[in-house]
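I am opening my notebook on a structure that is new to me, and I will put down what I look up in the order in which I look it up.

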Amino acid sequence: MSKLNSKIPDGPLVDKWTKHKTALKLVNPANKSKLDIIVIGTGLGGSSSASTLGELGYNVKVFSYQDSPRRAHSVAAQGGINAAKNYKNDNDSIYRLFYDMIKGGDFRAREANVYRAAEVSNLVIDHYTALGVPFARDYGGTIDNRSFGGVQVSRTFYAKGQTGQQCLVGAYSALTRQIKAGTVTMYPRRDLLDIVVVDGKARGIITRNLVTGEIERHSAHAVVLATGGYGTIYYLSTLALNSNASAAWKAHRKGALFANPSFVQIHPTSIPVMNSYQSKLTLMSESLRNDGRVWVPKQAKDPRKPNDIPEEERDYYLERRYPAFGNLVPRDVASRAAKERCDAGFGVGPTGLSVYLDFRDAIKKKGKKVIESSYGNLFDMYEKISGESPLETPMRIYPAGHYTMGGLWVDYNLMTTIPGLFAVGESNFSDHGANRLGASSLMQCSGDGYFILPYTITDYLADDIKTPRIQTNIPEFEKTEADVKERIKRLLSINGKETATSFHKRLGKIMWDYCGMVRNEEGLKKALVLIKELEEEFWKNLKVTGTDSELNQELEKAGRVADFFELGKLLCMDALNRKESCGAHFREESQTETGEAKRDDDNYSFVAAWEFKGEGQEPELHKEELKFEFVKLQERSYK
Amino acid sequence: MNIKLKIWRQPDAKSNGRFETYPLNDVSSDMSFLEMLDYLNNNLIKEGQQPVAFEHDCREGICGSCGMYISGRPHGPQHKTTTCELRMREFKDGDTITVEPWRASAFPVIKDLIVERSAFDKIMQSGGFISVNAGAAQDANSILVKKKNADEAFDSATCLGCGACVAACKNSSAMLFIAAKVTHLALFPQGQTEAELRVKTMVAKMDELGFGGCTNTRACEAECPKGISISNIAKLNREFFVAKLKE
């Protein structure tokens, strides 16, 4: 019997959520304040969950490793947030948004979840607008929209290139209102170090106070993880440097299944690697592909400056290969196409590992002013880093690790396989299949937190109204705290020579080389050996300065890197197991004659959910069959 | 290039701090300022010393985590730039660079270059929001907003909450921070119903938390990494007086 019960309601696609909501149990207002909920993370998923649960009257505790909720990495999302408003009258609809996401995810997501995400998208825009998010507007006072990769309508709401920041400031303001109201207590500068499970249910967490080093116990009737993705496993990525997988990984070790870990989005438009000291890659929003044209010289290793290369000697390879979508093909397709050109020797820049993104024609057509007002802050960012103005010289871009579609397996109620442990936003796996379309991540994590989780967690808590506050002096808390302290002691006692950052860099290179944009059996097997060796070296030669009873950033990093080794192995195992190509997961052994991803629906139309079986044991694979009742599986073509 | 760093070291909030000098060789001009500090820390760790603690996260100028005085200026010498966006090409061989945490009594030092900025969160909690619950909103296009207002509100709302304005101000005033929020919300129809209450409680909270008053030196505007204009403060004053007059 499978461990996986997705709890997808029966009936027609359009009625599933409505029908399901009607059947969910309620908790009366007087009982809500007696129920505690822990939320980990304050990005759009965490802030939206926490503020809404507070508004409903629950007693909420929120944790973040940053000093303020407003710093969470949702802040860095640039281009926009999708919704099926059809404000542009271009025949958009909830169904089209759903279909674009299902197709964009290369038919590896659940129909019911994706449809629901599209269904609540409009409510999300209404709510952000009411909170004062300054979306771009037209002169008549209505909201403007633009188009994004992988679709043929304009459904993206945006605030210049800072949509994530503006949405997060809105979500943060709603959260602060609940903090003032006393329904939410904020615990900043805390790292989650483990989940406490009591009688099979998630009942609390162990945290480390990052300022004092104190190990703390916090209990609740339910725990929500909104801890984002694990793209920093590549070391260099577009993510914030402190983003990490540890919360999700601890949940996994405690029994939560991890789904499709190898589905990682490599974003096509990042500023390329410039030197060996580099600590991160800066994203240039996909929205730039609305006006920018991607090209490389037709002649390999062309020494001329880009502006000296005449039109007929430029290869606009996306427009050439994908005439229907051109520069607006989805991210996975654009990334692989860039890699293909660079590997073939046509890449530009000092390393040959970049392509041009050129605004010359758009400036000619629309004028410098219009282009500047659309992308001004992105151009400034680019110029600060590279020293060149994109208004004068084409940008140079290259793919970089970005978003993880994989994550904790959740059912239709967003609950993991540990009862009482929920996962929202990027930390779950549910809505993006094998590839996420641009501007759908802000949409999904906000929808989860504002309009889905509050209903489904209430259904779960309805059975818990007689359970008194969970005490933290019970053996389960004692044991988990002792384990956490033991591990910290172990990290501090190695006394080796190499820093956590150095190990992270080396792990990142293995992951990027063998489990990045392109994967094959030989490489993945090799990576598994290399990671294991490096992990052994880590536990023998790690150096952590300082002690556990102070602010110690080296200790924080060491714990996160230790978890990345374990997750890295699972990523490679999952990629090895999935012998088809789909979306962002490209197995060289499975491609069409023209080099596109070739799915194998007969054998791989499932969610791969991995179960932790203990230290040093092989994880067990559980399969959740993906049933497509409403869309027809077809080759995903953007030609 | 070879540089010399004078960095404020302070083990915790209770201890006294002092400047330590560190020579650093072979710094590449392509490095970001924080990558240069990473490089220094790597050397310090290898020598068995404690690395310099500093706050940072997104490293692309949007999260507001990083912030320090660099040679006497918040976020360093480059205009409209956060510390993480600053590049070593702004410095030259032989430079001595002084690095200190924000200096303001409302922002006590936690360790080395890290300060406690929760006072900003407390100000926000006092009224920096529009009171609407999830699910209560009307269709987004039923609230019409002049494009000019939306654009100006956006400019104000780009505030990172980094604290450079307070650090730059000789009075350690948080006026620009509050003004940016009050202006952002006052420009929208949906922010009107509680506008008067908002401005009064936010200003009162600022005073209570130990921030100073504004004497119009414009240092905040000059050092704000997002270039938030001091005209926001004029708008704040107007909102404040109107609210007081209506009492």
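Among contacts in chain B between residues at least 6 apart in sequence, what percentage join residues at least 24 apart? I find that 69% of them do, and I note beside this that the model is a predicted one.

I then looked up the general build of chain B, which holds eight helices and seven strands, and whose C-alpha atoms fill a box of roughly 60 × 35 × 35 Å along the principal axes. Of its 247 residues, 59% count as buried, and I noted an accessible surface of about 9700 Å², with 49% of that area belonging to carbon and sulfur atoms. For the charges of chain B, I have 30 positive and 30 negative ones, with their mean positions 4 Å apart.

Next I turned to the nonpolar cores, where the largest has 231 residues, and where I81(A), Y128(A), L225(A) and F211(B) are those with the most contacts inside it. Helix α16 of chain A, residues 553-577, gives the most to this core, with 13 residues. Apart from it I found another core, of 27 residues, including Y22(B), M36(B), L40(B) and V99(B).

Last, I picked out E100(B), which lies in strand β5 of chain B, residues 96-100. Is E100(B) buried or exposed? I wrote it down as buried, because its relative accessible area is 17% and the cut-off for buried is under 20%. Leaving aside residues up to four places away in sequence, E100(B) touches W8(B), F19(B), M68(B), Y69(B) and L113(B), and its side chain is joined to that of R103(B) by a polar contact of 3.2 Å.

Methods:
Residues numbered from 1 in each chain as written. Chains lettered and ligands numbered in written order. Predicted model: local features only at pLDDT ≥ 70, side-chain atom pairs only at ≥ 80, totals over all residues. Heavy atoms only, no water. Core = buried A, V, L, I, M, F, W, Y, C linked by side-chain atoms within 4.5 Å. Buried < 20%, exposed > 50% of the residue type's maximum accessible area, 1.4 Å probe, protein only. Helix = DSSP H or I, 4+ residues; strand = E, 2+ residues; numbered from the N terminus. Contact = heavy atoms within 4.5 Å. Areas by Shrake-Rupley, 256 points an atom, 1.4 Å probe, with all protein chains shown as cover. Lys, Arg positive; Asp, Glu negative; His and termini not counted. Charge placed at Lys NZ, Arg CZ, Asp CG, Glu CD. Polar contact = N/O pair within 3.5 Å; in protein donor to acceptor, adjacent residues only side chain to side chain.
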